[in-house]
Amino acid sequence: MLIVGAVLFVLLVLAVPIGIALSAAAAAYIMVDPLLEPTVVFRAFFSFIGRYSLMAIPLFIFAGFLMERTGLVSQLFRFADSLAGWMPGGFGVATVVACVMFGSISGSSVAMAAAMSVIAIPEMRSRGYPDWLSGGLVATAGGIAILIPPSIPLLIYGIVTETSIVDLFFAGIIPGLLLALGNITSVILIALYLELPRSSRFDARRLWRESKGALPALGMPVVILGGLYGGVFTPTEAAAAACGYALIYGFGSRRMQFVRQLLPTAMRALNLTGVIVFLIGSVGVFQFLAANMYWPQKITEVIVGWGLTPLGFIFAFMGVLLILGMFVDGIAMILLTVPVVFPVAYALKIDPVHLGIMLVLNVEMGVVTPPVGLNLFAVSGTSSIPLPQVLKGTIPFFLGDLTVLLLVIFFPALATWLPDLLVKPIF
Amino acid sequence: MEKAYAAWRAFQDRLLAPAAALLLVGCTLLALLEVGRRYLLGLSFEWQQDAVTFFTLSGVFLYFSLCQRRDAHLTVSVLPELLAALGPRARRAAEIVRLLAVAFSAAFMAAVIWWGIPEVEDAINYESRTESLAFPMWAFLGALLAGFVFMAVTMVFQLYFGVQRLRGRSTPSEERAHEADKAAH
């Protein structure tokens with residue numbers, strides 16, 4: 001186990017792609033083990049990803065990109081502005097509200113941060129918001145997408161740990177809304193302190209007009225969550241239905257222009273899917289070896305032997321994740337830690353759904369922690385706000401996110417109450 | 001070598017990428033059709049789940065090499081980035097670290113391809129099929145093998161151009177192409 005760990009560490013430090021490092025570390029052991037054939041590397045990779053449930057990932061990613069092509073982000077933003085623009089820091093609040101709504105369509109945090117920075121930051125600049133505030137807000141609020149269903153990180157966690165994806169999706173809603181609430185509170189307090197001008201007075205007629213425009217976009221989460229709640233769809237079917245909704249909506253709103261964009265949009269979705277599937281397949285190779293060597297059981301025995309309480313274990317794990325989030329992308333963070341940590345958490349009787357939500361909350365914070373904070377780069381790159389300014393702006397919102405994480409750690413019901421209430425086991 | 005790389009890029013852009021995209025779009029429509037058939041008509045194709053799973057995956061496998069070309073595969077890039085920030089000499093060291101990573105990756109992919117060939121042969125010899133028995137498994141295992149081969153070829157090109165850059169030789173077309181890729185995604 002130590003040899004594999006050392007090989008993995010060296011390869012990761014040498015900037016070998018994480019997927020290759022995982023497979024190669026496993027292969028190094030397999031090659032010296034007389035009972036294992038190296039061909040299992042290829043077989044384990046293929047077997048682990050050859051599952052219908054995994055197809056929810058490309059389909060949800062494709063649905064998100066398709067919806068983005070329809071230009072609905074600006075439509076959602078106008079609706080959010082008419083809803084919340086009258087409040088102190090109203091445009092910032094509208095940005096957070098739009099992020100929540102877009103998060104219920106797309107599961108990608110970076111895509112949302114990039115899209116939002118193009119739309120929201122110029123407007124905030126024109127209304128006198130300092131660059132650090134607008135950049136930091138968009139970078140942090142972009143992370144909400146990965147908790148509000150459909151969420152790609154939750155899907156991956158569910159597939160790797162065989163936890164109900166429907167439960168995980170519903171479990172993400174309350175923490176996601178709490179994150180939004182935290183961001184809204186922070187932006188209002190900052191706006192009051194900086195005495196930022198309010199954009200406009202509440203206009204019910206404008207709200208009605210904009211809500212009609214945003215209605216088709218808001219229908220998609222109803223289809224996904226309603227279908228999952230009603231037991232009509234499996235997660236993969238819900239993803240297909242989301243694609244169908246996006247195709248119908250896109251064709252209805254943009255006609256042939258949308259059809260011409262279909263293949264390029266599929267290619268964009270494949271670019272992201274290719275990265276994720278390669279990584280999941282490599283985890284399959286690693287898990288095959290770990291299961292054959294009984295590593296999860298051995299690690300569990302050692303850690304349980306330390307006498308850690310579940311809460312102590314959670315804090316230790318969250319600490320590791322916060323540090324890891326500075327250096328590793330969120331999906332890699334899940335796939336590198338979950339195969340080792342999940343059996344221990346299971347032995348300590350930590351609810352898998354609760355663990356998944358805490359993990360993804362950490363991923364959400366990891367997107368704004370340097371040096372590998374992808375949302376920082378996405379916002380800085382698309383808005384030309386210098387990176388240190390964006391980073392400075394994320395600090396108050398990051399503190400809010402940390403508070404939500406602590407709340408979810410101490411009150412597991414924030415994650416588990418909604419799935420317990422809504423999702424009924426069939427058997 | 002530049003001509004060979006241009007031809008390789010054209011193969012990826014004009015053949016691999018559209019083929020993969022068509023597979024994804026086709027499987028999306030099939031999954032959608034099945035949702036409609038099952039809930040509206042109470043009918044179902046028993047091969048649908050296998051078709052959606054393995055044809056979508058085949059498209060993704062074909063796309064692996066394009067992800068590699070765009071440096072999209074996730075890495076922990078702390079060491080090369082730290083070195084790159086330290087000065088010109090350390091920047092050169094960072095380039096060498098990156099090249100070592102590509103060289104190792106190419107060698108490992110070659111090994112995986114070598115190990116994968118008997119798996120595809122076994123699938124042909126034993127006529128193994130997907131769960132619904134509708135499709136032969138060798139076709140999809142072959143797609144994965146092809147995906148790995150394309151990825152390894154891309155790595156060899158990246159290695160060659162990386163060495164050229166280290167030797168101070170210009171690789172203008174490759175760099176322009178790389179920037180265009182980044183801009184497109």
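## The smaller of the two cavities

In this predicted model, the second largest cavity has a lining that sorts into four nonpolar, two polar and no charged residues. It's a space of about 30 Å³, and the residues around it come from both chains: A:G19, A:V275, A:F278 and A:L279 on one side of the list, B:H73 and B:L74 on the other. Helix α15(A) gives the largest share of that lining, with three residues.

## The largest cavity

With a cut-off of 30 Å³ or more, the count is two cavities. The largest one has a volume of about 70 Å³. Chain A lines it with A:I20, A:S23, A:V41, A:F42, A:F45, A:F278 and A:S282, while chain B brings in B:F108, B:M109, B:V112 and B:F148. A:F278 is worth a second look, as it is in the lining of the largest cavity and also in that of the second largest.

In terms of helices, α2 (18-32), α3 (40-49) and α15 of chain A each put at least two residues into the lining of the largest cavity, and so does α4 (88-125) of chain B. Sorted by class, that lining holds nine nonpolar and two polar residues, with no charged ones.

## Where chain A meets chain B

The contact draws 57 residues from chain B and 54 residues from chain A. Putting the two chains together buries about 5,000 Å², and carbon and sulfur atoms account for 82% of that area. On the chain B side, B:L74, B:V76 and B:W115 supply 14% of the area that the chain buries against chain A, which is more than any other three residues give. B:L74 turns up again in the lining of the second largest cavity.

## The second largest pocket

Now for an open space: the second largest pocket has a volume of about 850 Å³. Its lining runs to 32 residues, and the ones nearest the centre are A:G5, A:L8, A:L336, A:T337 and A:V340. By class, you get 30 nonpolar residues, two polar ones and no charged ones.

Five helices of chain A each supply at least two residues of this pocket's lining: α1 (2-13), α15 (262-292), α16 (295-305), α17 (310-327) and α18 (330-347). Of these, α15 also supplies at least two residues of the lining of the largest cavity.

## Helix α1 of chain B

Does the length of α1(B) come out as expected or not? The helix covers residues 2-41, so its 40 residues at 1.5 Å each should span 58 Å; the end C-alpha atoms sit 56 Å apart, which agrees. There is still a kink of about 30° in α1(B), centred on B:Q12. Just past the end of the helix, B:G42 has a positive phi of about 70°.

## Backbone oddities in chain A

Two loop spots are worth checking in the viewer. A:P149 and A:P150 are joined by a cis peptide bond, with omega about 0°. A:P150 sits in the loop between α8 (131-141) and α9 (152-161) of chain A.

The other spot is A:E162, which has a positive phi, near 55°, despite being a residue other than glycine. You'll find A:E162 in the loop that runs between α9 and α10 (165-171) of chain A.

Conventions: Residues are numbered from 1 along each chain as its sequence is written. Chains are lettered from A and ligands numbered from 1 in the order in which they are written. This is a predicted model: local features need pLDDT of at least 70, side-chain atom pairs count only at pLDDT 80 or more; totals for chains, interfaces and linings use all residues. Side-chain values use heavy atoms; hydrogens and water are left out. On a 1 Å grid over the protein atoms alone, a cavity is a set of points where a 1.4 Å probe fits but cannot get out, and a pocket is an open set with protein on both sides within 12 Å along at least five of seven lines; lining residues have an atom within 4 Å of a point. Grid points are joined across faces, edges and corners, and a volume is the space filled by probe spheres set on the points. Helices (H or I, at least four residues) and strands (E, at least two) are DSSP runs, numbered from the N terminus. Ala, Val, Leu, Ile, Met, Phe, Trp, Tyr, Cys and Pro count as nonpolar, Asp, Glu, Lys and Arg as charged, and the others, Gly among them, as polar. The expected span of a helix is 1.5 Å times one less than its number of residues. The bend at a residue is the angle between axes fitted to the seven residues ending there and the seven starting there. Contact means heavy atoms within 4.5 Å. Buried area is the accessible area (1.4 Å probe) that two parts lose on being put together, summed over both.
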